[in-house]
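Please open the model in your viewer and keep the selection panel at hand for the stops that follow.

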Amino acid sequence: MTANLTNNFEVFAPRLVSQDEIFTSGHRACQGCGPATALRQIGKAIGRELIVCNATGCMEIVASPYPFSAWEVPWIHVAFENTAAIASGVAAGIEVLRRKGKFYTNHEKITVLGIGGDGGTMDIGLQALSGALERGHDFLYICYDNEAYMNTGIQRSSGTPFGASTTTSPSGKASFGQKTNKKNFAEICIAHDIPYVATASVSHPSDLMAKVKKGAEVKGPAVLHVFAPCPTGWRCGSELTIRLARMAVETGIFPLYEYENHEYRLNVDIDELRDIREYADCFEKRPYMESQGRFRHLKNEDEILATIQSEVRERYMRLRAKCANVSGGRR
Amino acid sequence: MHDDVRRRIGIEVSLGHAEAVKLCNVDAIAAYPITPQTHIVEHLSELCADGEIDAAYVPVESEHSAMSACIGMSATGCRTFTATSSQGLALMHEVLFIASGMRFPIVMTVVNRALSAPLNIWGDQSDIMANRDIGWIQLFGNNGQECYDLTPMCFKIAEDHRVLLPTILNIDGFTVSHVVEPIETLTREDVDGFLPPYEPVLRLDVDKPAMFGAVGHPDVYTEVKKVLDDTLIASRTVIDEVFEEFGQRFGRTYKAVEEYRTEDADTIVFTIGGTIGEIAHVSVDALRAEGHKVGQVLLRVWRPFPYDDIRRVLDGRKCVVVYDRALSFGGPGGPVASEIRAAMYGRPGAPPIHSIVAALGGRDIRWRHIVDQVKQAQIRALEGPFPPYEMVGVRQ
Ligand SMILES: Cc1ncc(C[n+]2csc(CCOP(=O)(O)OP(=O)(O)O)c2C)c(N)n1
Ligand code: SF4
């Protein structure tokens, strides 16, 4: 494995990570919640000059039971599908009030952040997000992807991977679970040709924080697709969150890359992708798929597993071919 | 347009209304086009493009996003405006409750139009009646002058710290919105003197972080909704004050419930909105000329519902004919009529209330129709029977 993170070298020093907690403890997320971990990392990366616009979903519910708040920055929740529209309103409002000299403060940079889950982003919220990206508002949108609608109780979304059993794509006598492939969300955003799109994972916090910073600093819209396992929905041990996230990167299931200045760049390039089935040296000696209850029914479905495996590899190779910084990539 | 002297101009009501929005120094507009609202947002975008309005104009991708963006802009402290109609209002429905629940004083014009199906772009009030219970202040402008004058009043009412509620100005589609009318304009100085700058109580402020739209568990939800309703009801005081002040400054006085030739009337024609409201004047004059003691009551404030005034003007009458341009399907007939019945229920000697549903989807109604319908209602009031409601002009 070759890590291509050298251009972000400085962020590897843990002492440089802010000690300030913007998303504080005391929220109601489950043990080992990947999305909550992501929010903590995001808050640290941006700091207090931040306005959060949060979609309905787990992260909104766990953070805001009135009169408590887990956010130490201004925060607004309106509905499920309109977070990008709210964020575009906030960004436009700040901009016009600044121009008219009516803004309440002189803070030079205030980051407007939209946050939604995979359902609130890739399904019902996609129209609002597309509109906001097209209009070019100065905001950062982050989708934390736990691969299902967790807040309503683990239903499939268009981010749910092929074969996963959820309450609306259950495995049964006549079904092996989710029958469609995970929507390529980052690619949809890239097609809007906005200044910055990246994928990140809670397993790679320095990379994630560097990307959050970059997305926040870029002028215009930026999107981050963050992989964030959910032990509750994935039916796995709560201590496995980060390990599974790391395995998703190392198997090529969730590659880490960026799109900036019209170029793709792989941040973690992997010569030898790990196998989703035979990942023998992994923790607890269990491969990616097997350690998750949502794939348990596929245990002896060799054909389906083989299909998933080859699909993962092919997708990864297609992505790699687009990336300017890897051999064989577009130069 | 010159805004330094008051003038009397001939202008399409939509454009006149947009000119009034301009004088209100709005900071932010988000909009999506829909007939018959389009001329308003088009003209506003022109005014922005010409630098006559210094505002963020966010041309969103749907009405759901229009209201969402308005909430975002209002949350930063902007004076915020939008306009819509029909399906657009229906698409916003979800977010409308949130705007009032979060107490953002957004002003929205709804150019009233029918709802699908069948697809129909013409005027009626089905759209606003389906959005009756969203917790917004809802006013009606019946003609060009009223739509113009009510514009700064809407902002002033919405932004009053005793209120802080979003406010809808309803205008009947086409028959009011698209008609060229004479309008007496106000000057920039007039409006500046009348409408102070918007001072938000809370906003998204990194120096004073606050949470908007938190989860309200059962132990607080009821209280929040009660406060909303109490505030909406209490906003009547502010509405009356603002109407009064406007009248004193500019000589045109508005009332929550307006009367025409009602002094000695035993029969009342009750209307809401400009289309039926304006022609009913003519019908009342004609009925009077024939010796019938008929008067008209126009409802200007739909929410908060002005129970006290309605009882005052209807108590002691012999017959009330309420015109609705919407129908509560499978229900009590016209939505306004059912509210009037509720207002008058149990009053000693309460008059019979006839609910007439008319002029749906742009169907014409003429002053002669109203004359005939009122005469029939008078007979029914004496002899009965009268049905829960009548939908007039239906072809068999
Ligand atoms: C219009 C609308 N439809 C449905 C819902 C119910 N709902 C609330 S949260 C949610 C799922 C959220 O899933 P996701 O966006 O993936 O976030 P997560 O809960 O996983 O954090 C759903 C379906 C809603 N609030 N609004
Ligand atoms: S259900 Fe999943 S995403 Fe939601 S709080 Fe629990 S662990 Fe986090």
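Select A:Glu147, which sits in the loop between strand S5 (140–145) and strand S6 (171–172) of chain A, where strands are DSSP runs of E with at least two residues and helices are runs of H or I with at least four, numbered from the N terminus. Although A:Glu147 is not a glycine, its phi is positive, about 65°, and with 2% relative accessibility the residue counts as buried (under 20% relative accessible area, against over 50% for exposed and partly exposed in between, with a 1.4 Å probe and protein chains only). The model is predicted, so that local features need pLDDT of at least 70 and side-chain atom pairs count only at pLDDT 80 or more, while totals for chains, interfaces and linings use all residues. Residues are numbered from 1 along each chain as its sequence is written, chains are lettered from A and ligands numbered from 1 in the order in which they are written, and side-chain values use heavy atoms, with hydrogens and water left out.

Turn next to B:Arg261, in the loop between strand S10 (257–260) and strand S11 (267–272) of chain B; this residue, also not a glycine, has a positive phi of about 55°, and at a relative accessible area of 33% B:Arg261 is partly exposed.

Staying in chain B, select B:Thr35 and B:Pro36, whose peptide bond is cis with omega near 0°; B:Pro36 belongs to the loop between strand S2 (28–31) and helix H2 (38–49). A cis peptide bond also joins B:Ala117 to B:Pro118, with omega about 0°, and B:Pro118 lies in the loop between strand S5 (107–112) and helix H5 (126–129) of chain B.
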